[in-house]
Amino acid sequence: MLVRPRMPADEPVVADLLRRRHSERVARLRRLERPLDHPGLVAEQGGKLAGVLTYVIGEDSCEILTLHATERWRGAGTALLAEVEELARRRGRRRLWVLTTNDNLDALRFYQRRGFRLAELYPGAVQDARPAQARDTGQRQPRDPDPRRDRPRQAAVSSPTRVRRER
Ligand SMILES: CC(C)(COP(=O)(O)OP(=O)(O)OC[C@H]1O[C@@H](n2cnc3c(N)ncnc32)[C@H](O)[C@@H]1OP(=O)(O)O)[C@@H](O)C(=O)NCCC(=O)NCCS
């Protein structure tokens, strides 16, 4: 598994993978971000794309914005995570963190098995981000016939969860 920085020539295959995973734009606590606007790493196996990670370097931390494997369980996720950890360390960032949703049990397991710990839960934030997301993407906002019935379910199954690792 080869992991290297994403180059301009990778754009079409990376964009295609993000599109197929519905991640051309990702909601991040009331903001929409295009992963392709941020630096990234690609994993290759036999000359083919095996996975993509995008990240945001902050003042004292590094955030994983997206992480996708083209085929799961082949080591691309682990290889990309190891490389972004090394990159963050080289740049003197002591904290690496990621937001996922609490219904993404595979991701929570994946990160926790690799030394991350659950740090925060934002109940209802996915629901709250929807009007902003619909506005930004020009989508019509779905009507919410009974918010009292819908909200608790959303809060229970899909709340952004911050997972982080500190050195
Ligand atoms: C989360 C994700 C990035 C992990 O990437 P991956 O390439 O599948 O991960 P790896 O192959 O490195 O390791 C995953 C697990 O598969 C296991 N595995 C490896 N080969 C396996 C096999 N042949 N059969 C079963 N399990 C296997 C590994 O042991 C590891 O298990 P562990 O987490 O219990 O340690 C990937 O599942 C994915 O793309 N998910 C969808 C997007 C997503 O949720 N991203 C994270 C939120 S940002």
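Is His22 buried or exposed? His22 counts as exposed, because just 8 other C-beta atoms sit within 10 Å, and 12 or fewer is the cut-off for that label. Keep in mind for every view below that this is a predicted model.

**View 1. A loop residue with an unusual backbone angle: His22.** You'll find His22 in the loop between helix H1 and strand S2 (26-27). Its phi is positive, at about 55°, even though His22 is not a glycine. That's worth a look because most residues other than glycine have a negative phi.

**View 2. Another positive phi, this time at Trp73.** Trp73 belongs to the loop between S6 and H2. Like a residue we've just met, Trp73 isn't a glycine, yet has a positive phi of about 70°. Trp73 is exposed, since it has 7 C-beta neighbours inside 10 Å. Trp73 also turns up in the ligand view, as one of the residues that come nearest to the ligand.

**View 3. Helix H2 from end to end.** H2 covers residues 76-90, which makes 15 residues. At 1.5 Å a residue the helix should span 21 Å, and because its end C-alpha atoms are 21 Å apart, the two agree. Just past the helix, Gly92 has a positive phi of about 75°.

**View 4. The buried side of the story for H2.** The buried residues of this helix are Ala76, Gly77, Ala79, Leu80, Leu81, Val84 and Ala88. So what covers them? The cover includes strands S1 (2-5), S4 (40-45), S5 (48-57), S6 (61-69) and S7 (95-101), along with helix H3 (105-113).

**View 5. The largest nonpolar core.** This core has 28 residues, and Ala43, Leu53, Ile64, Leu80 and Val84 have the most contacts inside it. Helix H1 (11-20), S4, S5, S6, H2 and S7 each chip in at least two residues. H2 gives the most, with 6 residues.

**View 6. Zooming in on Leu53.** Which residues is Leu53 in contact with, leaving aside neighbours within four places in sequence? They are Gly40, Leu41, Ile64, Thr66, Leu67, Leu80 and Val84.

**View 7. Around the ligand.** There are 20 residues around the ligand, and Ala69, Arg72, Trp73, Gly77 and Thr78 come nearest. S6, H2, S7 and H3 each supply at least two residues of this shell, with H3 giving the most, 5 residues. By type, the shell splits into 7 nonpolar, 8 polar and 5 charged residues.

Conventions. Residues numbered from 1 in each chain as written. Predicted model: local features only at pLDDT ≥ 70, side-chain atom pairs only at ≥ 80, totals over all residues. Helix = DSSP H or I, 4+ residues; strand = E, 2+ residues; numbered from the N terminus. Expected span 1.5 Å × (residues − 1). Buried ≥ 20, exposed ≤ 12 C-beta atoms within 10 Å, placed from the backbone. Contact = placed C-beta atoms within 7 Å. Near = placed C-beta within 6 Å. Nonpolar A, V, L, I, M, F, W, Y, C, P; charged D, E, K, R; others polar. Core = buried A, V, L, I, M, F, W, Y, C linked by C-beta atoms within 7 Å.
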